[in-house]
Amino acid sequence: QPLLVESGGGLVQGGDTLRLSCGDHERTLRTYRLGWFRQAPGKEREFVAAISRYGDMTYYADSAKGRFAISRDNAKNTLYLQMNNLKSEDTAVYFCAASNKFAWQESLLELTSHYEYWGQGTQVTVSS
């Protein structure tokens, strides 16, 4: 099973950019559908974006559309989340997740239960 490790979080100002990365020590990431979620203090974990195994399909939460971009490099065994024009409401711990499932259904991609494996998260703090 993959051992997911996120990196790239930090403290930034509103309007700044960050790129999060997620790698897998077992080097099996390319075999999974992948997603990004986030969890703000006192709130439930929420879906941000998902990407298919070959990167040919992506899906975004409304809050991420137009500002965030999910991508993957299977040769490097790495998942990315490019975050532009960051806002204070983007402050959260960001998690990458991996799914064994094959059906691409947008309603299911948003569910935490769709993903079997999770990283420990990386903190993103956006100051206004």
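**Figure 1. The largest nonpolar core of the predicted model.** In this predicted model, the largest nonpolar core comprises 27 residues, and the members that touch the most other members are W36, L79, L81, M83 and Y94. At least two residues of this core come from each of the strands β3 (18–24), β4, β5 (46–51), β7, β8, β9 and β11, and β9 gives the most, with four residues. A second core, separate from this one, has eight residues, among them F47, Y59, A61 and Y115. As a general background to such views, nonpolar side chains in soluble globular proteins tend to be buried together.

**Figure 2. Strand β5 and its pairing with β4 and β6.** Strand β5 is largely enclosed by the rest of the structure, because five of its six residues are buried. With β4 it runs antiparallel, the two strands being joined by five bridges, and in this pairing R38 stands opposite E46 of β5. The hairpin of β4 and β5 has six residues between the strands, and G42 in this hairpin takes a positive phi near 75°. Strands β5 and β6 are likewise antiparallel and are joined by three bridges, with I51 standing opposite T58 in β6. The hairpin that β5 and β6 form has six residues between them, and in its turn G55 has a positive phi of about 80°.

**Figure 3. The salt bridges of R38 with E46 and D90.** Between R38 and E46 there is a salt bridge in which the closest N and O atoms are 2.6 Å apart. The two partners differ in their surroundings, since R38 is buried with a relative accessible area of 6%, whereas E46, at 36% relative accessibility, counts as partly exposed. The side chain of R38 also meets that of D90 in a salt bridge, with an N to O distance of 2.9 Å. Because R38 lies in strand β4 (residues 33–39) and D90 in the loop between β8 (78–83) and β9 (92–99), this pair ties together parts that are 52 residues apart in sequence. D90 itself counts as buried, with a relative accessibility of 0%.

**Figure 4. R67 and the salt-bridge network.** A network of salt bridges links R38, E46, R67 and D90. R67 has its place in the loop between β6 (58–60) and β7 (68–73), where it counts as buried at 11% relative accessibility. In addition, the side chain of R67 reaches the backbone oxygen of S63 at a distance of 3.1 Å. When neighbours within four places in sequence are left aside, the residues in contact with R67 are Q82, M83, N84, N85, L86, K87 and D90. Of these contacts, D90 is also a member of the salt-bridge network, and M83 is listed among the residues of the largest nonpolar core that touch the most other members.

**Figure 5. The salt bridge between E116 and K101.** E116 forms a salt bridge with K101, and the closest N and O atoms of the pair are 2.6 Å apart. The two residues belong to distant parts of the chain, 15 residues apart, with E116 in the loop between α1 (106–109) and β10 (117–118) and K101 in the loop between β9 and α1. E116 is partly exposed, with a relative accessible area of 33%, and K101 also counts as partly exposed, at 32% relative accessibility. Across the model, the count of salt bridges comes to five.

**Figure 6. The surroundings of T122 in strand β11.** T122 lies in strand β11, which spans residues 122–127, and is buried, with a relative accessible area of 11%. A polar atom of the T122 side chain lies 3.2 Å from the backbone nitrogen of G9. Leaving aside neighbours within four places in sequence, T122 is in contact with E6, S7, G8, G9, L20, A92, V93 and Y94. Among these contacts, Y94 is one of the residues in the largest nonpolar core that touch the most other members, and β11, the strand that holds T122, is one of the strands that each supply at least two residues of that core.

How values were computed
Residues are numbered from 1 along each chain as its sequence is written. This is a predicted model: local features need pLDDT of at least 70, side-chain atom pairs count only at pLDDT 80 or more; totals for chains, interfaces and linings use all residues. Side-chain values use heavy atoms; hydrogens and water are left out. A salt bridge is a side-chain nitrogen of Lys or Arg within 4 Å of a carboxyl oxygen of Asp or Glu. Buried means under 20% relative accessible area, exposed over 50%, partly exposed in between (1.4 Å probe, protein chains only). A polar contact is a pair of N or O atoms within 3.5 Å; within protein, one must be able to donate a hydrogen and the other to accept it, and residues adjacent in sequence count only if both atoms are side-chain atoms. Contact means heavy atoms within 4.5 Å. A nonpolar core is a set of buried Ala, Val, Leu, Ile, Met, Phe, Trp, Tyr and Cys residues joined through side-chain atoms within 4.5 Å. Two strands pair if DSSP finds at least two bridges between them.
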